[in-house]
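User: I am new to this structure and would be grateful for a close look at its salt bridges. Please explain where they lie and how they fit into the rest of the chain.

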Amino acid sequence: GFVYRNCTSEGWSDPYPRPDIACGYNVNDTTNEARRSYFMTLKTMYTIGYCTSLVTLTIALVVLVSFRKLRCTRNYIHMHLFTSFILRASSNFIKDAVLFSSEDTNYCGTYTAGCKLTMVFFQYCIMSNYSWLLVEGLYLHTLLVISFFSERKFFWQFIALGWGAPTVFVAAWATARQLHENLRKWLLGIWFCCLGFFSRPSFCFFQINFILFVNILRILMRKLSSPEGQSSDFNQYKRLAKSTLLLIPLFGVHYIIFAFFPEDASSGTMEIQLFFELALGSFQGFVVAVLYCFLNGEVQLEVQRKWRQWHL
């Protein structure tokens, strides 16, 4: 859908139609009560998901920071990934607080500055989250391809990529929208954001993650089937393969699939996509905390060791 403004002798007119109507959803239409109920159920589900992720990620981050023996490049990258998930969950709560603070669907038409800043922060948190997922994949790829490398040097490059690249993309995106699209597209973008459609700057990270994931699997399969894979490194490669397979949902594969479907609010595709992006996506942080911390054998041994020391 489209939202329009007319240039009159008295200046620009108010945007019309309302963003919800332009996107195919009229909140005043009683026939859409079932759909409205579906969206509210989704909102409840992703709120529970982000709360669960926020609590578990905070605990996991405290655990990794607290134990000196757990401080290594791999866990440092995990810490940054946890932080990006925490920021993503927090930005979602801030977005809901700002955009749903009024029943008026044109609320952001009055308070444009606050809504625009919320959108920018929200987009940055999403992009930094997928950027650090990319860093996780790059680190795993580096371990498989390069036998000896300076982890400290690579770590600072990973930090620049994880936090710096999203800053550049989001700054360029926000500047372009402000200069060339301004209010009309901002409002429409905010409404799509409310429904869970994240704008296109993040899509490049999904594509890179998907390509990287396929290449990692190819390298792992080759190593496992070679004589090298039958050596003492077999268990290491097997563990890496297991970790990679568990990260499939986190590498944005479903975004690649849904990219070929139209963003049509009147089709059933949107409800399915929203379920993956919001209901299931909100629990990604919880899954990452469980895999990289609570089920990590190294972490479990260190916690058990400290626990025995405290009881002696």
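Analyst: A search of the whole structure, which is a predicted model, finds three salt bridges.

One of them pairs E298 with R74, and the closest N and O atoms of the two are 2.6 Å apart. E298 belongs to helix α12 (residues 297–310) and R74 to helix α3 (residues 73–99), so this salt bridge ties together parts that are 224 residues apart in sequence. Both partners are partly exposed: E298 has a relative accessible area of 33%, and R74 has one of 31%.

Helix α12 also holds a salt bridge between R305 and E302, whose side chains meet at 2.6 Å, N to O. Because R305 and E302 are three residues apart in this helix, about one helical turn separates them. The general geometry fits this arrangement: an α-helix has 3.6 residues a turn, so residues three or four places apart point the same way. The two residues differ in their surroundings, since R305 has 25% relative accessibility and counts as partly exposed, whereas E302, at 7%, counts as buried because the limit for that class is under 20%.

The remaining salt bridge joins D96 to K95, with 3.1 Å between the closest N and O atoms. Here both D96 and K95 are buried.

The wider setting is as follows. The protein chain has 12 helices and two strands, and from the N terminus on the two strands precede the helices. Of its 312 residues, 45% count as buried. Among contacts between residues at least 6 apart in sequence, 74% join residues at least 24 apart. Helix α5 (residues 112–145) is largely enclosed by the rest of the structure, because 24 of its 34 residues are buried. At 1.5 Å a residue this helix should span 50 Å, and its end C-alpha atoms are 48 Å apart, which agrees.

Disulfides, by contrast with salt bridges, come to a count of zero. Among the cysteines, C7 is exposed, with a relative accessible area of 63%, and C72 is partly exposed, at 24%.

The surface has a nonpolar side as well. Of the approximately 16200 Å² that the protein chain exposes, carbon and sulfur atoms supply 64%. M45, I272, F275, F276 and L280 make a nonpolar patch of about 400 Å². Helix α10 (residues 269–280) contributes the largest share of this patch, four residues. F275 is found in that helix and, at 31% relative accessibility, counts as partly exposed.

Technical notes
Residues are numbered from 1 along each chain as its sequence is written. This is a predicted model: local features need pLDDT of at least 70, side-chain atom pairs count only at pLDDT 80 or more; totals for chains, interfaces and linings use all residues. Side-chain values use heavy atoms; hydrogens and water are left out. Patches are made of residues with over 30% relative accessible area and no salt bridge: like charges are joined within 9 Å, nonpolar side chains (Val, Leu, Ile, Met, Phe, Trp, Tyr) within 5 Å. Accessible areas come from the Shrake-Rupley method with a 1.4 Å probe; for residues, only the protein chains shown count as cover. A salt bridge is a side-chain nitrogen of Lys or Arg within 4 Å of a carboxyl oxygen of Asp or Glu. Buried means under 20% relative accessible area, exposed over 50%, partly exposed in between (1.4 Å probe, protein chains only). The expected span of a helix is 1.5 Å times one less than its number of residues. A disulfide is a pair of cysteine sulfur atoms within 2.5 Å. Contact means heavy atoms within 4.5 Å.
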